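Work through the exercises below with the model open beside you. Try each task before reading its solution.

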Amino acid sequence: MRPPSRQILTVEEAFGANGWHCELVEGRDVLRSVFTGHHTRIEMTVQAYTPMNALAVIGEMPLPLDDGHRPYVLELLARANKTLNLGGFEYDLDRERLVFRITNLFDKERYDADIVSSMVHCTVAELDRLAPYALTVVRTPEDLLDDLDLKRLLQREDLIPPVPGDEEDYI
């Protein structure tokens, strides 16, 4: 069994510095962790690709879909992806999971802890942001799906929790 790479060890250090629990996957440059968002529980996999100094952060949540709801959720993800600058949403059809993936290339073997932390924060925030929209689609009765305006659904701000520090001061 080969030892963990320097790259994945710097990611483990970044997790520790933030007080986040993670576990190294034996024999692979992979960490696993779980985060609790406002709307959902996010299972995270972080993988270092050492030959190219790349890091992928993948967050997932279960989202079983029947045949009637699947095209609507896939359209929702496509519409959500149009507004993203970093990362992207996917749906794993085989495992029935909503996925958010973000990747970064680093210029050194020692990954910048601030960038790693930002990637993790972004993954948690984006999956937690999209979860209530996806669940709204899933809970919509099949005979009403054609009436669901996905573009307008994604504009609803009442489903998004406030960002810490963004609350306005009314004093």
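The exercises go from the overall fold to the sheet, the helices, the salt bridges and two single residues.

**Ground rules**

This is a predicted model: local features need pLDDT of at least 70, side-chain atom pairs count only at pLDDT 80 or more, and totals for chains, interfaces and linings use all residues. Residues are numbered from 1 along each chain as its sequence is written, and side-chain values use heavy atoms, with hydrogens and water left out.

**Exercise 1. Take stock of the fold.**

Task: list the elements in order, then describe the overall extent and burial of the protein.

Solution.
- Step 1: count the elements. The protein has four helices and six strands. Both are DSSP runs, numbered from the N terminus: helices are H or I with at least four residues, strands are E with at least two.
- Step 2: read them off from the N terminus. The order is α-β-β-β-β-α-β-β-α-α.
- Step 3: box the C-alpha atoms. Along the principal axes, the box is roughly 55 × 50 × 25 Å.
- Step 4: check burial. Of the 171 residues, 43% count as buried. Buried means under 20% relative accessible area, exposed over 50%, and partly exposed in between (1.4 Å probe, protein chains only).
- Step 5: look at the surface. The protein exposes about 10200 Å², and carbon and sulfur atoms supply 49% of that area. Accessible areas come from the Shrake-Rupley method with a 1.4 Å probe; for residues, only the protein chains shown count as cover.

**Exercise 2. Assemble the sheet.**

Task: work out the strand order and the pairing, starting from β2.

Solution.
- Step 1: pair β2 with β3. Strand β2 (residues 30-36) runs antiparallel to β3 (residues 41-49), with seven bridges. Strands pair if DSSP finds at least two bridges between them. Valine 34 sits opposite glutamate 43 of β3. The two strands make a hairpin with four residues between them.
- Step 2: add β4 (residues 54-62). This strand pairs with β3, again antiparallel, over seven bridges. Methionine 44 has glycine 59 of β4 as its bridge partner. Here too there is a hairpin with four residues between the strands, and asparagine 53 in the turn has a positive phi of about 55 degrees.
- Step 3: add β6 (residues 97-105). Nine bridges join this strand to β4, antiparallel. Proline 62 faces arginine 97 of β6.
- Step 4: write the full order. The open sheet of six strands reads β1-β2-β3-β4-β6-β5, with antiparallel pairing. Its edge strands are β1 (23-24) and β5 (88-92), each pairing on one side only.

**Exercise 3. Lay helices on the sheet.**

Task: which strands does each of α1 and α3 lie across, and at what angle does each helix run?

Solution.
- Step 1: take α1 (residues 6-17). This helix lies across β1, β2, β3 and β4, at about 20 degrees to β2.
- Step 2: take α3 (residues 113-139). This helix lies across β2, β3, β4, β5 and β6, at about 155 degrees to β6.
- Step 3: check the convention. Axes are lines fitted to C-alpha atoms, for helices over the stretch in contact (heavy atoms within 4.5 Å). Angles run from 0 to 180 degrees between N-to-C directions.

**Exercise 4. Trace the salt bridges.**

Task: find three salt bridges and say what each one joins.

Solution.
- Step 1: set the criterion. A salt bridge is a side-chain nitrogen of Lys or Arg within 4 Å of a carboxyl oxygen of Asp or Glu. The structure holds eleven.
- Step 2: start at glutamate 43. Its side chain meets that of arginine 97 at 2.5 Å, N to O. Glutamate 43 is in β3 and arginine 97 in β6, so the pair ties together parts 54 residues apart in sequence. Arginine 97 counts as buried because its relative accessibility is 10%.
- Step 3: go to arginine 95. The closest N and O atoms of arginine 95 and glutamate 60 are 2.4 Å apart. This pair links the loop between β5 and β6 to strand β4, 35 residues apart.
- Step 4: join them up. Arg41, Glu43, Glu60, Asp92, Arg95 and Arg97 are linked in a network of salt bridges.
- Step 5: turn to α2 (residues 70-81). Glutamate 75 and arginine 79 both lie in this helix, four residues apart, about one turn. Their closest N and O atoms are 2.9 Å apart.

**Exercise 5. Buried or exposed?**

Task: are methionine 52 and threonine 140 buried or exposed?

Solution.
- Step 1: place methionine 52. This residue lies in the loop between β3 and β4. Methionine 52 is exposed because its relative accessible area is 53%.
- Step 2: place threonine 140. This residue is in the loop between α3 and α4 (150-153). Threonine 140 counts as buried because its relative accessibility is 11%.
- Step 3: list the contacts. Leaving out residues up to four places away in sequence, threonine 140 touches His69, Leu145 and Leu148.
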